[in-house]
Amino acid sequence: MALPETPLKKEKRNFQRSYWIFLLVLVVLSCFLTYLLIRVYRASNLLAEASRQSFSQESRMKISILGEYFQQRIVDIEALSSSRALHAYYQNKSLGMSLEYGLAVALAEMRAEFERFQGNALLKKRPVFEEIAFVDAREMRVIAATKPFSELKLMDTNYLESALQRSERVPVFEVSRTDSVLGVVVVRAYSYKDKVTGYLLMKLDLGTLWDQIEHDVPQNNDFDGIVDPSGILLMGPPKLVGKNVGKVTGVGGLPSALGETGVIESHDHLPALGGESLLISGGNIPYTTFTFLNVVPSSRYLAGYSPFLWVLVFSGLVVGIVIIVVILFRSALVQVRMFRQLEEARDTLDTRVRERTAELAETNQHLKAEISERKRTAQALEESEKKYRELIDNAIESIVVANEGKFKFVNPNTLELFGFSIQDLTSRPFEFFVYPEDREIAAKCYLETIDAEGENRSCEFRILNSSGIPKWVYVNAVGIKWDGKPSALGFLTDVTERKRAMEVVRRSEEKYRSLVDNAPIGIILIDTKGQILEVNRALLDILGSPSAEDTKSINLFSFPTLVAAGIPEIFSRCIETGQVATAEFPYRSKWGRPSHLRIVSTPLRDPSSMVYGCQAVVEDVTEQKRAQELLLETERIKGVADLAGGVAHNFNNLLQVVMGRAQLALNDLKNRYTERINSHLQQIVETSRMGADTVKRLQNFSRLRSDQALVVGKVFDLSHTVEHALAMTEPWWKSKPARDGIRIVVSKNIKIGCLLNGKENEIFEVIVNLIKNAVEAMPTGGDMDIRVSEKGEEVILQVQDSGTGISQSDLKRIFDPFWTSKGPGGTGMGLASSKGIVTDHGGEMSVISSLGCGSTFTITFPRANGLIEWAANNPNIQSFLHLKVLVIDDSEQIVDFLQQTLEEHCSTVLTATSGPEGIELFKRNPVDVVICDLGMTEINGIAVSSEIQAICRERSIRKPVFLLLTGWADQIAEEQNLFESGIDRVLGKPVTINELTHVLRELAIQK
Amino acid sequence: MFKTVAALIAVTLGCVLVPLAEADLSHIKDAGVLRHLGVPYSNFVTGDGDGLDVEILKMYATELGVNYQYVKTSWETVISDLAGKRVMPKGDEIEILGDAPVKGDIVGNGLTVLPWRKKVINFSAPYFPTAVWVVARADSDLDPIGPSGNAAEDVILTKKILRGRQILGIRDTCLDPDLYNVQGGISRYKEGLQLNDLPAALIKGEFELTLQDAPDALLALMKYPGKVKVIGAITEEQAMAFGISKDCPELLASFNTFLRKLSEGGRLTELITKYYPLITDYFPDVGK
């Protein structure tokens, strides 16, 4: 509680307020005065500076006027120096004329010209030039002038010569001194024919020059004037003209000290100028070496009061203010001290009163706090009870308290769970409400709970509601004291639905486990690290594993047998991509069981769709594969059989030709018609070759395919293959239908040179299949069109028929194995096999068809780029005449045969009948190709090849192509040291001429 | 006998000259006109109605109180038009060829006082100094002489270098090369050529050398700077004067009086420098 303000305090506060207000006013006044002084000081300085600027500006203006004046004089002298009279004088002089005879007239002209110029050059009607004269450079004397020579005052004689020598071809202003009279002369060298022949001098009337400058009425001792570079005043006050301005003004170094229109001060108080300090401004006059000076007493441009005075004023002001403040401060201190003593006395009294008051207030505060605490406790208890009541009443669980075998407390949710009223629940033993079969469990749980106060117990049992329907409850109970008696506080949760769902899951799991365990196909689950989680019995059978535990002990990704078969790859792919992966593998298990497996792997995902493993269906397709191969073989044999009929037909025709020609040859032999016999024999040979080709094609077609064969495929022309297929199948589409009165028109559009890389006999098989299908689709005849073309990097084969066509539903299945529309006669492997072949060759196969409108099968292959290989296969390619060949064989007959054959094609054919002979021959005559027998008596063909390779390496020459002839070509070809021995190719005996020339042609192109 | 013959001759001459005396001063005053015989030449008679001689004679006519009349003549006839006699100069001598009508009272066109002319007419007091100079084209290989300081020597020197050279002149004038006895010099004349045309004839390249009166040569130098050059003098200093008939002694006396007054008053010098501004550089005493 604040005490009432005392008069003393009020007085003190009033004093303090007055003191501070006075001090504040004093400070404000001081600042204002300081500000005013600064402003005045600045204003005076600005005025002084402006005056200086004006003074300097005046000088610059006069310098500018003088510059224009001197510039005009330069113009004048330039004009006069280009006058005709000057030129005429030197022209006539150069002609040799003398003054007596004509030359004087030029001088007279010159003088007249000078006089005219002088008369015209006026400023304010006054001649600018006092004198004009021309000095001949050679004679160094005036030869023409506006005055008699004796009256000239241009320059004194001594000065003239040195001044002229200084003068260059541009006008310069010189100072003339004649009889101590200073003047200014503008001098310009005159040139005739680029040689200085004289000098034009024009003495200025300084009076006209001085008129150019407006002069103020002289005040005191100020003046302006023009000085020469040495500082001599040329123009100015008469008493100072001719004197050195540096001495006059007391400023050393004038006029150079001025610089460019500068202002300097002289503090030498020279009596000659009234004993005042001077202010000097000026600067160089353009076009001259002269300087303009303007001298005034400094007092005219005084820069206000001196700084010293200003310092004194400021100091006085500050000292005054400080003294006033100190006096005020001292008096204030006395007042404050007095007030403080009075306040201390009063404060002592106030302190006693406040202490007593505080004690009373503290006591009162304690009482209030105690009352408040009690109120808060009661309120908290009430609120706590209310909270717990609401908690229990609104709990979703049933809460009960039981002792002495009865419910003592139930919450509303318990009433809802049991369907009984609170009276019913609390009046009957709680066993009444428990499902009879579970009463033992419930009683046990109750008893254990009340025996152990503070400990939790849980149990599940069924209760019966008011409708007699059992419900599963989960009870979580704790032992407590209720009304001082051991009791059980139980929390009951209705788990009936959960129990029911768990039962469903259990039954479902049992069902699916049974399915998996009894499935006829293998099933396996692995995690992302390849650890096998589950396998079924079928998989154990497929793998031949003794037990599931043994199988689970291996890691799918690292188990060597699986890795060797490439099986981990499909699982890795499935896990990495999250996609279903399918593959087939030949597999021999850890336990030795060979099989062919088809695996379909499906990713396993957790609820967040993360793949945590995969499950796979593993099918043993060993038998299926075997059956498929048998079917393919059957299909091929069937095709061969079909073709065989046609081949037999063709063969009969060929035999007919052979027999006929042979008969004719025999007849001609009797008559010794050798030419005709030769013709018949050639025809027989050609026909036999055709027959052999037909048989070879049939052999190729019937030969079993092997995957290894594709690796050694070659480049071939599809157009030739198609032509051969058409020829081979001619009985199907021509002879046989014709016999039955059916007409099939075959058209073809085949582009030559459509190269493929692969196995020609397999592609041949595909074409035959398509032709066969087309013919079979046209039982009553029709059109078949075969096209081979190129499009970009693709080769396209199309077989189109106008037959019955294929329904849309069948179109989806025609490439499936074992599917056929031909009834029991078809194997269903033709198109499936063809598609497999096409796919193996990197191609695609498709069909467009509809019922009644025929079908078009289209196959696209990647085009081969191996032109060299193709050219080697092409019999039309150029000859290989440039090759040199060495034939080595211990059979003379074979050597002769090969020599005769090769001499028709090669430039040189060397022969040897033993290995050493062949080696010696090679040393003397290196060749391009060596054809050597393998089995020879002294050294075999492999040794010969090694020797020749060593010779080439030693001599640093190119190794020849080494062809090894042998009857065991297949076995030899598998040996791996052939290449190391330098053998390039193995040819099987007996080698045909075509085969040999084919190889040589290929070599010729490569060479 | 001699006196008789002399008397007869005097009577005869007197009879002959009586009609001529009509041209004398009184007759002029009576006639009220002063007839100025002039050939356009240089700045003496410009042909445009002015000229030094024209102006002097106009002043003289004014003084006499008569009108001034210009009578144009030619160099071939100027003497005969004044003297009434046709004459042919032969060196310093003359041959009288016959009479001619008198067309004027006084000749004024920078007439040089020559000996042969003196035999036919009278000359007033000389008013204009002159000399005959040899003028060449600037590209002539003749170099001007170096003045010796003596006029006679300069003439000899000039004539010496003119040997074998063709010199353009005009007959019946003071610029006739034949008058000056240039040994080895070849006089050339061109029909129709006037005195004023001589420098132009040089510049055109038709001739290498010509003669010019000194004042006229000075004008040529001023007019054609660098194109002509003065080689030297072919005569010593000569004089120009007005020609007056020998039958007019009063006129001669009167005119000489007039000239003297003109000279003494400085007026003559003014007039001369008006038309020949640079002449004083050569002849400082001209007009005095």
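Reader: How many salt bridges are counted between chain A and chain B?
Author: First off, this is a predicted model: local features need pLDDT of at least 70, side-chain atom pairs count only at pLDDT 80 or more, and totals for chains, interfaces and linings use all residues. Residues are numbered from 1 along each chain as its sequence is written, chains are lettered from A and ligands numbered from 1 in the order in which they are written, and side-chain values use heavy atoms, with hydrogens and water left out. A salt bridge here is a side-chain nitrogen of Lys or Arg within 4 Å of a carboxyl oxygen of Asp or Glu. Between chain A and chain B, the count is 0.

Reader: OK, which three residues supply 42% of the area that chain A buries against chain B?
Author: Contact (heavy atoms within 4.5 Å) links 18 residues of chain A with 19 of chain B. Buried area, the accessible area (1.4 Å probe) lost on putting two parts together, summed over both, is about 1,600 Å² for this pair, and carbon and sulfur atoms give 65% of that. The trio that beats any other three residues on chain A's side is L95(A), Y101(A) and V105(A).

Reader: Does α21(A) pass α23(A) in a left-handed or a right-handed crossing?
Author: Helices (H or I, at least four residues) and strands (E, at least two) are DSSP runs, numbered from the N terminus. Helix α21 (760–776) and helix α23 (830–840) of chain A pack at about 145 degrees with axes 9 Å apart; axes are lines fitted to C-alpha atoms, for helices over the stretch in contact, and angles run from 0 to 180 degrees between N-to-C directions. A crossing is left-handed if the near helix is turned anticlockwise from the far one by less than a right angle, and right-handed if clockwise. By that rule, α21(A) over α23(A) is left-handed.

Reader: Which are the edge strands of the β4-β3-β7-β6-β5 sheet?
Author: This is an open antiparallel sheet of 5 strands in chain A. Strands pair if DSSP finds at least two bridges between them, and β5(A), for example, pairs with β6(A) over 7 bridges. Each edge strand pairs on one side only, giving β4 (141–145) and β5 (172–178) of chain A.

Reader: What positive phi does D483(A) take?
Author: β16(A) (470–482) and β17(A) (485–494) pair in the antiparallel sense over 10 bridges, with K481(A) partnered by P486(A). Their hairpin has 2 residues between the strands, and D483(A) there takes a phi near 55 degrees.
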